[in-house]
Amino acid sequence: MHILGTVGLPGSGKGEFADIAREADIPVVTMGDVIRQACRDRGLDPADHHGEVAQALREENGPAAIAERSLPHIREHLADEDTETVVVDGLRSMTEVEAFTDEFGDAFAIVSIEAPFDLRAERLGERGRDGTDTDLEALRERDERELGFGMGDVMDAADYRIENTDSLDAFQAEVRELLSRVGANDLQH
Ligand SMILES: Nc1ncnc2c1ncn2[C@@H]1O[C@H](COP(=O)(O)OP(=O)(O)OP(=O)(O)O)[C@@H](O)[C@H]1O
């Protein structure tokens with residue numbers, strides 16, 4: 001059993017990592033989806049209220065609230081005997097890391113995906129998923145908000161680090177290689 005939690009600033013490549021995992025039939029539990037569901041439960045549009053609801057969940061249920069809400073989804077995947085690895089997309093803080101480590105022990109590992117601000121800004125500008133993707137000031141604010149949740153500490157504690165500064169093809173090849181080594185138990189951390 002392996003639980004791989006990804007961490008990275010906006011636009012670093014977590015979504016691409018998750019897509020590559022899904023293509024390899026590795027289930028992905030997205031913390032963003034947990035938050036989006038909480039937005040809908042509150043009758044709010046995730047496009048406008050994602051950050052606010054993420055913060056509200058932590059204030060109401062403690063700093064590990066989102067990680068805890070993702071645990072049943074992970075357990076559900078692990079109940080399938082064909083599932084050896086599950087990816088958890090989007091760690092934000094060491095408190096979340098502790099929630100996963102308490103649950104899964106050494107089977108849990110952190111993968112940090114990293115790219116400099118300008119490259120992330122350029123890629124997000126091209127992605128254009130919502131207004132904040134094309135606004136540099138908004139990206140700076142998102143970075144600060146994420147780092148305020150303690151994301152930098154999670155990146156520092158990572159077991160594996162991927163520099164996503166080359167082409168998408170190169171990134172995909174590196175991620176596939178990491179996932180296959182994890183599947184083959186050929187990794188130490
Ligand atoms: N190496 C790369 N070369 C070119 N484009 C890339 C590369 N890596 C990622 N991208 C593109 O950059 C954009 C941002 O990547 P992605 O959506 O994976 O980031 P993210 O970390 O999930 O961001 P967020 O936290 O904002 O959702 C996407 O459109 C993705 O296809």
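Which residues are closest to the ligand, and how many surround it? Welcome to this structure, which is a predicted model.

## Around the ligand

The ligand is surrounded by 15 residues, and the closest of these are Pro10, Lys14, Gly15, Arg123 and Arg127. By character, the shell around the ligand holds four nonpolar, seven polar and four charged residues.

Where do these residues sit in the fold? Three helices each supply at least two residues of the shell: helix 1 (14-23), helix 6 (117-127) and helix 9 (168-183). Keep helix 9 in mind, since this helix comes up again below.

## The overall build

Let's step back to the whole chain. The protein contains nine helices and five strands. If you start at the N terminus and walk along the protein, you meet its elements in the order β-α-β-α-α-α-β-α-β-α-α-α-β-α.

How does the radius of gyration agree with that of a compact globule? For 189 residues, such a globule would have a radius of gyration near 16 Å, and the protein has 16 Å, so the two agree. Taken along the principal axes, the box filled by the C-alpha atoms is roughly 40 × 40 × 25 Å.

Two further values help to fill in this picture. Of the protein's 189 residues, 35% count as buried. Among contacts with a separation of 6 or more, 75% are between residues 24 or more positions apart.

## The sheet

The five strands come together in an open sheet with parallel pairing, and their order across the sheet is 2-3-1-4-5. Strand 2 (28-30) and strand 5 (160-163) are at the edges; each has a single partner strand, so one side of each has no neighbour in the sheet. From one strand to the next, the twist averages 20°.

One of the pairings is worth a look in the viewer. Strand 4 (residues 108-114) runs parallel to strand 5, and four bridges join the two. Glu114 has Glu163 in strand 5 as its bridge partner.

## Helices on the sheet

Which strands does helix 5 touch? Helix 5 (residues 94-104) packs on the sheet and touches strand 1 (2-7), strand 3 (85-89) and strand 4. The direction of helix 5 makes about 145° with that of strand 4.

Helix 9 also packs on the sheet, where it touches strand 1, strand 3 and strand 5. Its direction makes about 165° with that of strand 5. Helix 9 therefore has two roles in this tour: it packs on the sheet, and it supplies at least two residues of the shell around the ligand.

Note on methods: Residues are numbered from 1 along each chain as its sequence is written. This is a predicted model: local features need pLDDT of at least 70, side-chain atom pairs count only at pLDDT 80 or more; totals for chains, interfaces and linings use all residues. A residue is near a molecule or strand if its C-beta atom, placed from the backbone, lies within 6 Å of it. Ala, Val, Leu, Ile, Met, Phe, Trp, Tyr, Cys and Pro count as nonpolar, Asp, Glu, Lys and Arg as charged, and the others, Gly among them, as polar. The radius of gyration is taken over C-alpha atoms; the globule rule is 2.2 Å times the number of residues to the power 0.38. A residue is buried if 20 or more other C-beta atoms lie within 10 Å of its own, exposed if 12 or fewer, and partly exposed in between; C-beta atoms are placed from the backbone. Two residues are in contact if their C-beta atoms, placed from the backbone, lie within 7 Å. Two strands pair if DSSP finds at least two bridges between them. Axes are lines fitted to C-alpha atoms, for helices over the stretch in contact, and angles run from 0 to 180 degrees between N-to-C directions.
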